[in-house]
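Subject: A structure for you to explore

Hello,

Here is the structure I promised to pass on to you. Have it open beside this email, and I will walk you through what turned up.

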Amino acid sequence: MKSIRKIGVLTSGGDAPGMNAAVRAVVRTGLNNGLEVFGIRNGYNGLINGLIEKMDSQSVSDIIQRGGTILKSARSKEFKTPEGRQVAYDNLMIHGIEGLIVIGGDGTFTGANIFGNKFDFPVVGIPGTIDNDLFGTDMTIGYDTALNTVVEAVDKIRDTAYSHNRLFIVEVMGRDAGFIALNAGIAAGAEDILIPEHPILTEELLSHLKNDWRKNKKSGILIVAEGDTSGGAFEIMKQIKSETDYFDIRVTILGHIQRGGAPSCFDRVLASTLGYEAVKALLRGERDVMVGKVHRETKLIPFNKSIKYHKDLNRNTLELVRTLSS
Ligand code: F6P
């Protein structure tokens, strides 16, 4: 096995709080193991456009507490083409880079997997996405911070819901997954939660809400994941209104506020640990794998599994939500 002396690091896909902490950990672990470390800007686009710069310890100082990513991020269309990947590989060769660490979600790892296999190039992934939708890690970097952002926002919305006797439908992020909706819903005491993994009929939702109101409830919160099959918060409001004018409904779509802000303590620790472990894995000769934490243990999981399989979302939790809210 050829030993690695130069590595690159990039962030790709939707930014997530804690990505900077992971970049810092990769750079400093690399330097402390005698490696040269290169930062690649704008995700895979930066590989294609040659935005590759050598980093030192100072280039990652004062970033552990910052949201976003100092390396910037993108969803690269060019990297999806064989031509784009070839240019990316050529640029890595120009800089003598022998291993790559990519921080991102399923799109990032899909690209990494194809690239690593085609060019026989070592790539290790770090799970960074607020959606928490990667198999092989209990939590992805950014998820905990996003949850806290949602809970804080819903607490505020609840004040108005209470004061005006309203039902608020709050839409949260999660394109294909309901992790944010489910756990923020529990923590914010939502009346019900709508997630893609568990479609719910309007009748079922209405009967649950009416039951609550019969018990003298006068306001409430529904949390809807953006990927829910009902069609989003406005569509749900429309469906409820077409059945009954009983509820005074308002919609709030939280949007990108969920992706920003200082990472929580949990995300900083997770990012620092996984950044460190990713470099160690690369140095041991690991490739085509994501580093994750499962039951507090560091685990390596092949890219194709982390993308393909779905982490179990405990459906019984929905029952818990209803029990605790009524
Ligand atoms: O994957 C993270 C995520 O925030 C999803 O929850 C959301 O659907 C998507 O990114 C939004 O992406 P963009 O910022 O590119 O619109």
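To begin with, how far from an oxygen atom of the ligand does a polar side-chain atom of arginine 259 lie? That distance is 2.8 Å. Please keep in mind while you look that this is a predicted model.

**Around the ligand**

Arginine 259 has company. An N or O atom in the side chain of histidine 256 is 2.8 Å from an oxygen atom of the ligand. With glycine 174 the backbone takes part: one of its polar backbone atoms is 3.2 Å from a ligand oxygen. On its own the ligand would expose 400 Å², and the protein buries 76% of that area.

If you would like to click through the whole shell, the residues surrounding the ligand are Arg75, Ile130, Asp131, Met173, Gly174, Arg175, Glu226, His256 and Arg259. Sorted by class, this shell has five charged residues, two polar and two nonpolar.

**The largest pocket**

Which pocket does the ligand take up? The ligand occupies the space of the largest pocket, whose volume is about 570 Å³. Its lining is made of 29 residues, and those nearest the centre are Gly13, Arg75, Asp106, Gly107 and Arg175. You have already met Arg75 and Arg175 in the shell around the ligand.

Helix α4, which covers residues 106-119, gives the most to this lining, with six residues. By class, the lining of the largest pocket holds 12 polar, 11 charged and six nonpolar residues.

**The second largest pocket**

The second largest pocket offers about 270 Å³ of space. It is lined by 17 residues, with Lys2, Ile4, Glu98, Pro122 and Arg287 closest to its centre. Two helices to find here are α3 (82-94) and α9 (265-283), each of which supplies at least two residues of the lining. The classes in this lining are 10 nonpolar, five charged and two polar residues.

**A cavity**

How many cavities of 30 Å³ or more does the structure hold? There is one, and its volume is about 40 Å³. You can find it by selecting its lining: Leu194, Ile200, Thr202, Leu205, Ser230, Ile236, Gln239 and Ile240. The elements that give two or more residues to this lining are α7 (202-214) and α8 (233-243). Of these, α8 provides the largest share, three residues.

Are charged residues present or absent in the lining of the cavity? They are absent, as the lining divides into five nonpolar and three polar residues, with no charged ones.

A good place to start is the ligand: show Gly174, His256 and Arg259 beside it, and look for the contacts with its oxygen atoms. After that, colour helix α4 to see the element that gives the most to the lining of the largest pocket.

Enjoy exploring, and write back with any questions!

Best wishes

Methods:
Residues are numbered from 1 along each chain as its sequence is written. This is a predicted model: local features need pLDDT of at least 70, side-chain atom pairs count only at pLDDT 80 or more; totals for chains, interfaces and linings use all residues. Side-chain values use heavy atoms; hydrogens and water are left out. A residue is near a molecule or strand if one of its heavy atoms lies within 4 Å of it. A polar contact is a pair of N or O atoms within 3.5 Å; within protein, one must be able to donate a hydrogen and the other to accept it, and residues adjacent in sequence count only if both atoms are side-chain atoms. Accessible areas come from the Shrake-Rupley method with a 1.4 Å probe; for residues, only the protein chains shown count as cover. On a 1 Å grid over the protein atoms alone, a cavity is a set of points where a 1.4 Å probe fits but cannot get out, and a pocket is an open set with protein on both sides within 12 Å along at least five of seven lines; lining residues have an atom within 4 Å of a point. A molecule sits in a cavity or pocket if more than half of its atoms lie within 2 Å of its grid points. Ala, Val, Leu, Ile, Met, Phe, Trp, Tyr, Cys and Pro count as nonpolar, Asp, Glu, Lys and Arg as charged, and the others, Gly among them, as polar. Grid points are joined across faces, edges and corners, and a volume is the space filled by probe spheres set on the points. Helices (H or I, at least four residues) and strands (E, at least two) are DSSP runs, numbered from the N terminus.
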